Amino acid sequence: MDQQPQNDADFLEPSVLLDETHYQEGYKNGYNVGLSSGKEEGRQVGLKMGFQVGEELGFYQGCLDVWASATRIDQNVFSARIRKNIEQLAALVSSYPLSDPENEQVQDVMEKIRLKFRVISASLGARLEYEGRPASSKQDVEDM
């Protein structure tokens, strides 16, 4: 009689092992698929975010270049206060850690750049802003 329960346990053991084997295989396959798709998704998000940051920094650098050109033509085109703010913005843009995206100061530097740009725009009485593209350019064309 003691033999019977042992036989029942032996009878169920392959079924339990098969179930565990299928579970482990499914887990490994799912993990590997998730790992590769997660890396690809992360790469796509990183590429998109990097492009957006580069585009925004390019917008600010373009404005700086225009202001520098205006200053070369007429050194008194801007007040001393505005020239100082432009110099500060140029320093912020050049200090942005492009090659170190994991730098914890990335967001702080970008916020300082945006704030300084708003100060300059307000001081100039210009309606310049960056929203994926210069939002004021479309409005300025319509105002003409």
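Here are three short exercises on the structure above, each with a worked solution.

This is a predicted model, in which local features need pLDDT of at least 70, side-chain atom pairs count only at pLDDT 80 or more, and totals for chains, interfaces and linings use all residues. Residues are numbered from 1 along each chain as its sequence is written, and side-chain values use heavy atoms, with hydrogens and water left out.

**Exercise 1. The annotated span**

Task: describe the secondary structure of residues 26-64.

Solution:
- Start with the record: UniProt, in an unreviewed entry, places "domain: Essential protein Yae1 N-terminal" at these residues, 26-64. Such annotations may be inferred rather than shown by experiment.
- Now look at the fold: the span is 100% helix and 0% strand, and its end C-alpha atoms lie 56 Å apart. Helices here are DSSP runs (H or I, at least four residues), and strands are E runs of at least two, numbered from the N terminus.

**Exercise 2. Tyr60 and its surroundings**

Task: find out which residues Tyr60 touches and how its ring sits against that of Tyr130.

Solution:
- First, burial: Tyr60 is buried, with a relative accessible area of 3%. Buried means under 20%, exposed over 50%, and partly exposed in between, with a 1.4 Å probe and protein chains only.
- Next, contacts (heavy atoms within 4.5 Å): leaving aside neighbours within four places in sequence, Tyr60 meets Val93, Met110, Ile113, Arg114, Phe117 and Tyr130.
- Then the rings. Rings of Phe, Tyr and Trp (its six-membered ring) pair if their centres lie within 6.5 Å; planes under 30 degrees apart are stacked, over 60 edge-to-face, and the rest tilted.
- For Tyr60 and Tyr130, the centres are 6.3 Å apart and the planes at 55 degrees, so the pair is tilted.
- Tyr60 lies in helix 1 and Tyr130 in the loop between helix 3 and helix 4 (135-143), so this pair ties together parts 70 residues apart in sequence.
- Finally, widen the view: ring pairs link Phe59, Tyr60, Trp67, Phe117 and Tyr130 into a cluster.

**Exercise 3. The nonpolar core**

Task: work out which helices each supply at least two residues of the largest nonpolar core.

Solution:
- Define it: a nonpolar core is a set of buried Ala, Val, Leu, Ile, Met, Phe, Trp, Tyr and Cys residues joined through side-chain atoms within 4.5 Å.
- Size it up: the largest one has 20 residues, and Tyr60, Trp67 and Ile86 are among those with the most contacts inside it.
- Assign the helices: helix 1 (3-73), helix 2 (80-95) and helix 3 (106-124) each supply at least two residues of this core.
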